[in-house]
Amino acid sequence: MTGLSDLPIRDDLRGLSPYGAPQLDVPVRLNTNENSYPMPEPVVEAIGKAVAAELRDLNRYPDRDALALRADLAAYLGHGIDAEGVWAANGSNEIQQQLLQAFGGPGRSALGFTPAYSMHPLLALGTGTRWVPARRGVDFGLTADEAVAQVREHHPDVVFLCSPNNPTGTALDPAVIAAVLDVAPGMVVVDEAYAEFARPGTVSALAVLPDHPRLVVTRTMSKAFGFAGGRLGYLAADPAVVAAVQLVRLPYHLSALTQAAARAALAHREALLGTVAAISQQRDRIVTELRRRNLRVADSDANFVLYEVGGDQSVAWRALLDQGVLVRDVGLPGWLRVTAGTPAETDAFLAAMDKIQREGT
Ligand code: PMP
């Protein structure tokens with residue numbers, strides 16, 4: 001049988017494993033920050049109709065520039081953003097890949113403040129962009145001084161900021177973003193996949209887009225909209241950035257079915273985003289309850305919580321799984337990440353944690 005190592009694969013891909021959060025069929029799945037609530041029935045029907053209306057025309061390629069969808073996304077974002085300043089793709093993963101294809105690549109570098117979203121370095125690898133793992137400070141925080149010093153040291157072509165940050169959950173102080181924009185020699189990408197869950201008072205980087213042509217804000221419908229399976233991510237930026245990613249995107253990358261489904265979902269955004277408050281409430285409940293159990297917990301503006309298990313996290317992860325609760329071991333010694341879902345899922349997670357604390361892992 002032919003193995004991977006028998007193929008003439010690129011040297012920098014040899015021996016690597018693909019991104020792979022376990023997809024296990026267990027009762028309580030809290031490991032990939034999905035929205036636990038299924039699509040409401042009226043939205044299912046609306047998406048079904050919208051997709052059905054496309055079927056007869058599937059002999060034709062879709063709108064390559066997804067203009068109607070981009071206009072809908074711009075209207076959702078507000079902040080005076082219009083369709084020319086928005087670009088859409090199959091998840092914000094693809095958006096970020098396109099950004100690295102356009103602004104990174106061989107001979108160029110991208111910097112991120114770890115721990116952050118694990119796909120950023122993998123997208124850098126895939127696009128031949130050198131990855132610079134910069135550090136976060138005390139308690140996974142990031143101050144303007146810490147960020148500026150590392151950007152100045154490395155002169156990256158692309159800086160990734162993640163706010164709210166995955167896996168820690170905390171949103172960035174806008175002063176950090178402003179300071180990085182001041183010193184970064186290239187593009188600054190603020191990954192706001194979880195923006196809709198942010199606690200009151202948190203400011204989106206969308207607000208400063210008009211002043212910064214090299215700022216890109218990436219968003220997704222995977223989390224707050226509960227549309228992860230639909231695969232729709234997008235960016236907001238100066239229209240020149242959109243022109244840049246159009247140089248590297250595959251023609252017709254976004255299927256007619258995806259565009260129609262996403263537009264129907266956006267038209268029902270009130271019903272879909274109705275879950276955000278309920279999920280944020282469970283997120284706050286998890287933070288409070290874990291702290292009450294004397295565990296260290298990072299502040300969260302997202303739909304997940306990073307917490308210290310008080311022992312080996314891989315043992316605790318297994319002990320939770322044995323009780324039917326799947327959380328995420330992000331490879332941070334002593335810490336686990338749990339997604340906030342329904343009240344019943346929180347109950348099951350907390351009961352499983354209690355059992356671990358009672359019996360030891
Ligand atoms: N950014 C961050 C910080 C994420 O956590 C995720 C999903 N886990 C993504 C981007 C990608 O999401 P999608 O491709 O589904 O839009």
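This section describes the domain organisation, the interdomain contact and the ligand surroundings of a predicted model.

The protein chain is divided into two parts: domain 1 comprises residues 21-38 together with 271-359, and domain 2 covers residues 41-267. The centres of domain 1 and domain 2, taken over C-alpha atoms, are separated by 25 Å. To the contact, domain 1 contributes 24 residues and domain 2 contributes 23 residues. On the side of domain 1 that touches domain 2, at least two residues each are supplied by helix 9 (269-292) and strand 9 (304-308). Helix 9 accounts for the largest share of this side, with 8 residues. By class, the side of domain 1 that touches domain 2 consists of 13 nonpolar, 6 polar and 5 charged residues.

The ligand is surrounded by 13 residues, of which G91, S92, A193, T220 and S222 come nearest. Helix 3, spanning residues 91-103, provides the largest share of the shell around the ligand, namely 3 residues. The composition of this shell is 8 polar, 4 nonpolar and 1 charged residues.

With regard to annotation, an unreviewed UniProt entry places the feature "domain: Aminotransferase class I/classII large" at residues 28-352. In the model, the end C-alpha atoms of residues 28-352 lie 11 Å apart. Helix makes up 40% of this span, and strand 16%.

Technical notes:
Residues are numbered from 1 along each chain as its sequence is written. This is a predicted model: local features need pLDDT of at least 70, side-chain atom pairs count only at pLDDT 80 or more; totals for chains, interfaces and linings use all residues. Domain bounds come from an automatic or database domain assignment. Two residues are in contact if their C-beta atoms, placed from the backbone, lie within 7 Å. Helices (H or I, at least four residues) and strands (E, at least two) are DSSP runs, numbered from the N terminus. Ala, Val, Leu, Ile, Met, Phe, Trp, Tyr, Cys and Pro count as nonpolar, Asp, Glu, Lys and Arg as charged, and the others, Gly among them, as polar. A residue is near a molecule or strand if its C-beta atom, placed from the backbone, lies within 6 Å of it. UniProt positions are given in the numbering used here, feature names are shortened, and annotations may be inferred rather than shown by experiment.
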